[in-house]
Amino acid sequence: MFTSLETPRLLLRRFSTQDVDAFVSYRNEPAVARYQSWETFTPDEAAEMARLQVSLDPGTPGAWFQFAVALRPDLEIIGDVGLYVDADDHRLGEVGFSFASRYQGKGLACEALLEVLRFSFASLGLHRVKAVVDRRNDPAVRLLRRSGFRQEALFLQHVWFKGAWCDEYVFAILANEWKEALGGTR
Ligand SMILES: CC(C)(COP(=O)(O)OP(=O)(O)OC[C@H]1O[C@@H](n2cnc3c(N)ncnc32)[C@H](O)[C@@H]1OP(=O)(O)O)[C@@H](O)C(=O)NCCC(=O)NCCS
C-alpha cells in the first residue's frame, strides 16, 4: 500500500480527512480555480474526496489518485498533484495539479510533478503520461514544458467551459523521453 514519496523540500502522501480545511482553502482561491472544473469547492466535496483516497492506491485503473503535497519541515499542505490511470490501458496516465498561490513561483509544483513522473515511470511502469490544459493557463504550460512534456495538440474551441468555448492543449511525455531527458541520474 502506498505511503509517501519524498523530494528535497516536499513530502507527497495520500490525502486524509484532516487535510480538508487546507484543501478547501487553496482550491477556492479564484486564481487556482480559474482553469479548473470547479467554481467552488465545498467542504463536503473535499471530505468525500479525502474519504475515497483513503483506500485508493496510485496506479489504480480508472481512478484519480491525489497526492497531497506537504512542505517540509512543518508538513503544511500546499497543493496536490493528481494521477489518473486509464481504465482500459493501464500504462496510460494523466496528471493535473493545483498549488496554493502563496507557494507558487518557487519551483515547488515542478519538484512535486517531477517526483510523480519518476514514480509513474519507474515504479508504476507507465508508458505515457499526458496533461490537458487551457490555452490561457500560462503557468501550467510553463510547468509542463519545464518538466519535460511536449505539446502534442491544440484543440480549438474544444470545451464549453465557464460560459465560453475554450482552446485546450494536450501535452505528453513518454517513458523513454523521461528516461533520456530527466531520468538519467535517477
Ligand atoms: C500550474 C501551477 C501549479 C504552476 O505553479 P508554479 O509555482 O508556477 O510552477 P513551478 O513549481 O514550476 O514554479 C516555477 C516558477 O518558480 C520560479 N522559481 C523560483 N524559485 C525556484 C526554484 N528554486 N526552482 C525552480 N523554479 C523556481 C521559476 O522561475 C518559475 O517562475 P516563472 O513560471 O514565472 O518562470 C500553478 O500556477 C497553479 O496551481 N495554478 C492553478 C491550478 C491550475 O490551473 N492547474 C492546472 C490545471 S491542470
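Let's start at the ligand of this predicted model, where one of the ligand's nitrogen atoms lies 3.3 Å from an N or O atom in the side chain of Gln36. A nitrogen atom of the ligand is also found 2.7 Å from a polar backbone atom of Phe97. On the oxygen side, an oxygen atom of the ligand is 2.8 Å from an N or O atom in the side chain of Asn137. Taken alone, the ligand would expose 970 Å², and the protein buries 72% of that.

Now take in the surroundings. The ligand sits in the largest pocket. Four elements each give two or more residues to the shell around the ligand: helix 2 (30-33), strand 5 (92-99), helix 4 (108-123) and helix 5 (138-146). Helix 5 provides the largest share, with 5 residues.

Who are the neighbours? There are 19 residues around the ligand, and those that come nearest are Phe97, Phe99, Gly105, Asn137 and Arg146. Sorted by character, the shell holds 10 nonpolar, 6 polar and 3 charged residues.

For a last stop, turn to helix 4, where you will find Leu117. Is Leu117 buried or exposed? Leu117 has a relative accessibility of 0%, and because buried means under 20%, Leu117 counts as buried. You can also place Leu117 relative to Gly93: the two are 24 residues apart in sequence, and their C-alpha atoms are 9.8 Å apart in space.

Conventions. Residues numbered from 1 in each chain as written. Predicted model: local features only at pLDDT ≥ 70, side-chain atom pairs only at ≥ 80, totals over all residues. Heavy atoms only, no water. Near = heavy atom within 4 Å. Polar contact = N/O pair within 3.5 Å; in protein donor to acceptor, adjacent residues only side chain to side chain. Areas by Shrake-Rupley, 256 points an atom, 1.4 Å probe, with all protein chains shown as cover. 1 Å grid on protein atoms, 1.4 Å probe; cavity = no way out; pocket = protein on both sides within 12 Å on 5 of 7 lines; lining within 4 Å. Sits in = over half its atoms within 2 Å of the grid points. Nonpolar A, V, L, I, M, F, W, Y, C, P; charged D, E, K, R; others polar. Buried < 20%, exposed > 50% of the residue type's maximum accessible area, 1.4 Å probe, protein only.
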